[in-house]
Amino acid sequence: MVQVKDMVSWKTETGDSVEASDVTLTPQSQSLLVRWPNGGWVWNRPAAVLVERGGETERVPIVDVTRKAQVGLLGLAALCGLAALVLS
């Protein structure tokens, strides 16, 4: 029996660090993996950059404006479709 946790996984990965003078930058990404018997689907997105300076680490999130615009347009399309169904 195949379980959902074997088919779907959400991971946060850390990339290679880059040093510039006294600052170390480390990128982070998130990926959603969906697997099925004959293939699968992967969605990656940048998540954040870890900034280390002076012994302190700060996580700076990356805001994906394009994704927010796409979700907003999808919601607007759904709302317009729903309004058209109600009015017809």
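Mentor: A residue is called buried when its relative accessible area is under 20%, exposed when it is over 50%, and partly exposed in between, with a 1.4 Å probe and only protein chains taken into account. This is a predicted model, in which local features need pLDDT of at least 70 and side-chain atom pairs count only at pLDDT 80 or more, whereas totals for chains, interfaces and linings use all residues. Residues are numbered from 1 along each chain as its sequence is written, and side-chain values use heavy atoms, with hydrogens and water left out.

Trainee: In what order do the elements of the protein chain run from the N terminus on?

Mentor: Helices (H or I, at least four residues) and strands (E, at least two) are DSSP runs, numbered from the N terminus. The protein chain has two helices and five strands. From the N terminus on, their order is α-β-β-β-β-β-α.

Trainee: Is the protein chain more spread out than a compact globule, or less?

Mentor: The elements run α-β-β-β-β-β-α. The radius of gyration, taken over C-alpha atoms, is compared with a globule rule of 2.2 Å times the number of residues to the power 0.38. For 88 residues that rule gives 12 Å, and the radius of gyration of the protein chain is 20 Å, well over it, so the chain, set against a compact globule, is more spread out.

Trainee: What does the C-alpha trace of the protein chain span along its principal axes, and what share of the 88 residues counts as buried?

Mentor: Along the principal axes, the trace spans about 65 × 40 × 15 Å. Of the 88 residues, the share that counts as buried is 14%.

Trainee: How much of the accessible surface of the protein chain belongs to carbon and sulfur atoms?

Mentor: Accessible areas come from the Shrake-Rupley method with a 1.4 Å probe, and for residues only the protein chains shown count as cover. The surface of the protein chain comes to about 7100 Å². The share belonging to carbon and sulfur atoms is 61%.

Trainee: Which residues is Ser 9 in contact with, leaving aside its neighbours within four places in sequence?

Mentor: Ser 9 has its place in strand β1 and is buried, with a relative accessible area of 17%. Contact means heavy atoms within 4.5 Å. With those neighbours left aside, the contacts of Ser 9 are Ser 31, Leu 32, Leu 33 and Arg 35.

Trainee: Which residues is Val 34 in contact with, under that restriction on its neighbours within four places in sequence?

Mentor: Val 34 is found in strand β3, and at 22% relative accessibility it counts as partly exposed. The C-alpha atoms of Val 34 and Lys 5 are 29 residues apart along the chain and separated by 9.7 Å. Leaving aside neighbours within four places in sequence, Val 34 is in contact with Met 7, Val 8, Gly 40 and Trp 41.

Trainee: Are the rings of Trp 10 and Trp 43 parallel enough to be stacked, or is the pair tilted?

Mentor: A search of the whole structure finds one aromatic pair. The ring centres of Trp 10 and Trp 43 are 6.2 Å apart and their planes stand at 40°. Rings of Phe, Tyr and Trp (its six-membered ring) pair if their centres lie within 6.5 Å, with planes under 30 degrees apart stacked, over 60 edge-to-face and the rest tilted. The pair of Trp 10 and Trp 43 is therefore tilted.

Trainee: How far apart in sequence are the parts that this pair ties together?

Mentor: Trp 10 is partly exposed, with a relative accessible area of 46%, and Trp 43 is partly exposed at 31%. Trp 10 lies in strand β1 (residues 8-14) and Trp 43 in strand β4 (residues 39-53), so the distance in sequence between the parts tied together is 33 residues.

Trainee: Which residue meets Asp 64 in a salt bridge?

Mentor: Asp 64 is found in the loop between β5 (56-61) and α2, and at 23% relative accessibility it counts as partly exposed. A salt bridge is a side-chain nitrogen of Lys or Arg within 4 Å of a carboxyl oxygen of Asp or Glu, and a search of the whole structure finds one. At 3.9 Å, N to O, the partner of Asp 64 is Arg 67.

Trainee: How many of the 23 residues of α2 are buried?

Mentor: The expected span of a helix is 1.5 Å times one less than its number of residues. For helix α2 (residues 65-87) this should be 33 Å, which agrees with its end C-alpha atoms being 33 Å apart. Helix α2 lies largely in the open, because the number of its residues that are buried is zero.
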